[in-house]
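I opened this notebook to keep track of what I looked up, one place at a time. The entries follow the order in which I went through them.

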Amino acid sequence: MENRHGRFIKLIAVVSVVLFLGSIWSFSSRSDTNLVPDTEPPVPINSKYPLPPLPTPPPPKSDFDLEYHPDPAPFPPPEGAEDVVLVIKTGSQVIWQRLPIHLITTTTRTPNFLVFSDLAERFGNVPVHDCLKNVKPALKEDHKQFEIYRKARVIKPFPGFTNLDAIPSTRPYNLDIAKMKLDGGWDLDKYKNVPILYQAYRAVPGKRWYIFIDADSFVFVGNLVRYLDATYNPSKPLYIGSQTLLGNEIFAHGGTGYILSGAAAKLAVVDHPELEHAFEEYAINHCCGDHVLSRVMDKVGVGLTYERGRLQGEPWYGIRWDDRTWCSEILSFHHVGQGDVQELWEFERLMEQKLAKDKKNGGYILYSDLYHRFARPFLTSLEPAWDNLSNDKWLEVPGYPSGFSKENPPRESDIDKIEDENNRNKWRDYLRFSNTEKAAIDDRDKCAQACKEREKCLQWKWVKGKCVLNDSVIFGFKDPNPKGESEAWWSGWLLDRIDEVRGRMKCERGLEGGFPMEEKRKKEAS
């Protein structure tokens, strides 16, 4: 018995030594792969300089843990994500307010991602690349539009430590760049999109899709990867985005997010390297970075493939639900805060679990899914101090042109006498308003009635002197009017009519209806 016990103790000791040595080897090998130089972070992406794996949360131990720290289900990258590169563009003045949330949400679903700014930095083991480092020296060193670029390097000359002997070349300010209110960020931003394309493809060549977003954007990664693979052929040159115009020129809106197929990226970067710097002088007198990129795509013969509605230039509370969008896939949002990113990421995780189980809608998150989670529970027939962003038809008295007044307003025969074309058109429209519409300008109840009398109207908003009608559902936001709620917008939704729209939608079959907040208020009032 004693011999057996002794052998057991020896065995435990040997195993402990092996495990200890293994842990030392693992630590040293991982730290070596994560070394980053103290100047410009390296070009290779996070697959070579990986983030440490996210720790598995411990199981909940109390009611407190269950309420505030639920144990999340695994949320791995979607199938096909290994052949996609997500490229995030930001700036030195906003990066610390916008990027961190993406590093623990969005990028956990994209094995290949890159971050570009106008200043080289690091977030833990994630390098932030200076996308303007290769711009012509004459511009960077002398042009006034690069003044903020030069100032950032004086304020923060040292992107991080790689060894204890590394010392910045100039004295750091030890001030938060974001709080210094440096002017010129927008002028500098227009130089970024083209070099970001060239640097991103050279860093990670040969992938199917290159997705470009701003740091105040959000993408449903699973939706987007599945939709691209199911809809388009990456071996063809494709430039996909939400259409916007500058004069007569059409291009993809950058904040909404745009996508280049691998073939299109290769065509520009490999076959036409001369275009990397061809439009730097052009950018001086033109807006904006996404527009400048479109000139490169035009030169290589790749026109815009327009994705209407799926790629959104609004946050979730600014999107429109109507017959055109209700059952459509939704892929991206813009102008989102860090809290929005977290909430949308959690919603995506839970929806993907549900869709995998229910086998509905081809596995896509739809506009209707957002409606049921984010909007429907809170829609009411009347909401004070709320702007639901109605914008389709404005009912208000136009400004009185010269020679006219409230007591002597223009009549139909006077329209051509109004010199200002914009005001002339407003008066022409005003004189065609119905009696209800004219009364709605100063009467909230009449505003609601005007919406009911407009065939497709689904919501309205009113403040003294203005009534605005809308043919789509938009959720909107609390109106923080500094003069108080008495001068803030009132909003209302035509709930029965919204349910009629839902009833026509195939994707709505079997889904819950009702408006809990409205029902609660009616119950409390009775």
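**Entry 1: a serine in a loop.** I began with S242, which I found in the loop between β7 (239-241) and β8 (243-246); I note here that the model is a predicted one. Is S242 buried or exposed? Its relative accessible area is 13%, and because the cut-off for buried is under 20%, I entered S242 as buried. I then looked up what surrounds S242, leaving aside its neighbours within four places in sequence, and wrote down contacts with F251, A252, H253, T256, Y306, E307 and L311.

**Entry 2: the second largest pocket.** β8, which follows the loop of S242, turned up again when I looked at the second largest pocket, since β8, α7 (185-189) and α12 (289-299) are the elements that give two or more residues to its lining. For this pocket I noted a volume of about 570 Å³. Its lining has 31 residues, and those that lie nearest the centre are K89, R98, W186, D189 and D214. Which element gives the most to this lining? I found that α7 does, with four residues. Sorting the lining of the pocket by character, I recorded 10 nonpolar, 13 polar and eight charged residues.

**Entry 3: enclosed spaces.** I next searched the whole structure for cavities of 30 Å³ or more and came away with four. The largest cavity has a volume of about 80 Å³, and 13 residues line it, with Y191, V194, P195, F279 and E280 lying nearest its centre. Both α8 (193-203) and α11 (280-284) supply at least two residues of that lining, and α8 gives the most, with three. By character, the lining of the largest cavity divides into seven nonpolar, two polar and four charged residues.

For the second largest cavity I wrote down a volume of about 60 Å³ and a lining made of K89, N193, I196, F212, I213, D214, G254 and Y258. I noticed that K89 and D214 are on this list and also among the residues nearest the centre of the second largest pocket. At least two lining residues come from α8 and at least two from β5 (209-214), with β5 holding the largest share, three residues. The lining of the second largest cavity divides into four nonpolar, two polar and two charged residues.

**Entry 4: a helix with a buried face.** Turning to α15 (residues 421-430), I listed N423, R424, W427 and Y430 as its buried residues. Seen down the axis of α15, these residues fall within an arc of 125 degrees, so I noted that they line one face of the helix. The general rule I kept in mind is that an α-helix has 3.6 residues a turn, so residues three or four places apart point the same way. What the buried residues of α15 pack against is α16 (435-440). At the N-terminal end of α15 I found D420 as a cap, with a side-chain oxygen 3.3 Å from the backbone nitrogen of N422.

**Entry 5: a buried arginine.** I closed with R376, placed in the loop between α14 (367-375) and β13 (386-387). R376 has 6% relative accessibility and therefore counts as buried. Leaving aside neighbours within four places in sequence, I recorded contacts of R376 with Y371, E512, G513, G514, F515 and P516. For G513 I added that its backbone oxygen lies 2.9 Å from a polar atom of the R376 side chain.

Note on methods. Residues are numbered from 1 along each chain as its sequence is written. This is a predicted model: local features need pLDDT of at least 70, side-chain atom pairs count only at pLDDT 80 or more; totals for chains, interfaces and linings use all residues. Side-chain values use heavy atoms; hydrogens and water are left out. Buried means under 20% relative accessible area, exposed over 50%, partly exposed in between (1.4 Å probe, protein chains only). Contact means heavy atoms within 4.5 Å. A polar contact is a pair of N or O atoms within 3.5 Å; within protein, one must be able to donate a hydrogen and the other to accept it, and residues adjacent in sequence count only if both atoms are side-chain atoms. The arc is that of the directions from the helix axis to the C-beta atoms. On a 1 Å grid over the protein atoms alone, a cavity is a set of points where a 1.4 Å probe fits but cannot get out, and a pocket is an open set with protein on both sides within 12 Å along at least five of seven lines; lining residues have an atom within 4 Å of a point. Grid points are joined across faces, edges and corners, and a volume is the space filled by probe spheres set on the points. Ala, Val, Leu, Ile, Met, Phe, Trp, Tyr, Cys and Pro count as nonpolar, Asp, Glu, Lys and Arg as charged, and the others, Gly among them, as polar.
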